[in-house]
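Me: I should like to understand how the terms used for this model are justified. May I put some questions once it is on display?

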Amino acid sequence: MVQVTPVQGDFVAVVDNVDLAYPLNDDEFAAVEMAFETYGVIVFPAQDITDDQQIAFSRRFGPLEPSVRRHRNRAVSNVFLSDISNVGSDGQIMAEKSEAMSYNRGNQLWHSDSSFKEIPSKASLLSAREVPPSGGETEFADMRAAWDTLSAEKQVEISDLVAQHSLAYSRATMGYDAGEKFMDVEKSEVPPVPQPLIRVSPVTGRKSLYVGSHAAYVDGMDRNAGRTLLDGLLAHAAEDRFIYIHNWAAFDLVMWDNRCINHRGRPWQSQKHRRVMRRTTIGGDGFDEAAALAIG
Ligand code: OGA
Ligand code: MN
């Protein structure tokens with residue numbers, strides 16, 4: 001029987017007694033889905049799976065988002081896999097200044113995956129294939145708790161606000177040159193999109209703060225005032241009491257709920273040690289996989 005063990009309140013649980021290399025039966029899948037909806041982050045240790053097995057398991061949760069970077073020469077060929085690694089298509093560690101390393105450094109800012117898409121992501125699954133001996137942790141922030149602990153005045157103040165989310169914006173803040181480095185097809189796929197500052201779980205009805213690196217400015221507010229507001233909310237959500245730090249072991253698979261969890265990667269000695277992760281990303285309610293693939 002699938003075993004779910006809470007490790008940090010209602011925020012993080014470890015899931016054992018399940019082999020993601022094989023199709024789960026309906027009872028097993030129901031237990032996993034329940035754990036996912038209850039906890040924002042679920043950890044599956046020791047899952048030595050292939051790309052295809054990861055995709056098959058991920059699909060049970062809904063249609064998959066194609067990677068924005070699928071038009072590039074990457075170490076992975078499947079469009080539904082995001083290559084979160086410092087290893088290029090030649091199998092070697094990539095130069096710190098390379099385009100891909102520069103792009104991936106954006107993952108070190110607090111964010112929710114695909115908040116820059118019109119229909120933002122429901123969940124992500126990240127599988128660790130090779131891990132460095134130290135560093136390279138992933139941190140998670142419980143944005144439900146971050147919302148719950150805002151003052152009543154603050155909750156009212158931001159309740160109807162909408163931010164513009166942009167991949168070009170968040171990458172530019174980390175020094176990735178939006179003008180020159182994005183391909184035209186990428187730029188056309190992800191123009192800035194509006195997202196309310198509060199996201200509500202369609203399953204539990206629970207509210208979460210929905211801000212992160214892609215949130216550029218607040219509609220109807222002076223740019224600086226909006227920035228100050230967003231930065232203040234991000235600082236609140238980054239307090240230790242809302243954080244879980246995942247220290248990766250090879251073949252861990254971690255799944256998180258992008259509707260209510262922020263995350264960020266931590267640096268490591270990326271010119272010395274390989275770190276190879278593969279991500280699958282589940283589309284949010286109403287996401288149309290075929291239509292997404294048809295773009296570009
Ligand atoms: C991601 C991501 C952070 C990390 O895969 O979406 O942001 O630690 N990863 O690699
Ligand atoms: Mn991410």
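Me: What makes strand β2 a mostly covered strand?

Reply: This is a predicted model. Strand β2 spans residues 12-16, and 4 of its 5 residues are buried. Buried requires under 20% relative accessible area, so the strand is called mostly covered.

Me: Why are β1 and β2 said to pair, and which residue is the partner of Val4?

Reply: Pairing requires at least two bridges; 5 bridges join β1 (residues 3-8) to β2, so the criterion is met. The two strands run antiparallel, and Val4 has Val15 as its bridge partner in β2. Between the strands of this hairpin lie 3 residues, and Gly9 takes a positive phi near 50 degrees.

Me: How do you know that β2 also pairs with β3?

Reply: The count is 3 bridges, against a required minimum of two, so β2 and β3 (residues 41-44) pair. They run parallel, with Ile42 in β3 as the bridge partner of Ala13. From β2 the chain passes through helix α1 (residues 26-38) to β3, a right-handed β-α-β crossover.

Me: What makes His111, Asp113 and His263 donors of the manganese ion (ligand 2)?

Reply: Their coordinating atoms, NE2 of His111, OD of Asp113 and NE2 of His263, lie at 2.1 to 2.2 Å. The limit for this metal is 2.8 Å, so these atoms count as donors. Asp113, in the loop between α3 and β5, and His263, in strand β14, are 150 residues apart.

Me: Why are Asp113 and His263 called buried?

Reply: Asp113 has a relative accessible area of 2% and His263 one of 5%. Buried means under 20%, therefore Asp113 and His263 are buried.

How values were computed
Residues are numbered from 1 along each chain as its sequence is written. Chains are lettered from A and ligands numbered from 1 in the order in which they are written. This is a predicted model: local features need pLDDT of at least 70, side-chain atom pairs count only at pLDDT 80 or more; totals for chains, interfaces and linings use all residues. Side-chain values use heavy atoms; hydrogens and water are left out. Buried means under 20% relative accessible area, exposed over 50%, partly exposed in between (1.4 Å probe, protein chains only). Helices (H or I, at least four residues) and strands (E, at least two) are DSSP runs, numbered from the N terminus. A crossover is right-handed if, with the strands pointing away from the viewer, the path from the first strand over the helix to the second runs clockwise. Donors are N, O and S atoms within 2.8 Å of the metal (3.2 Å for Na, K and Ca); water is not among the atoms, so sites may look incomplete.
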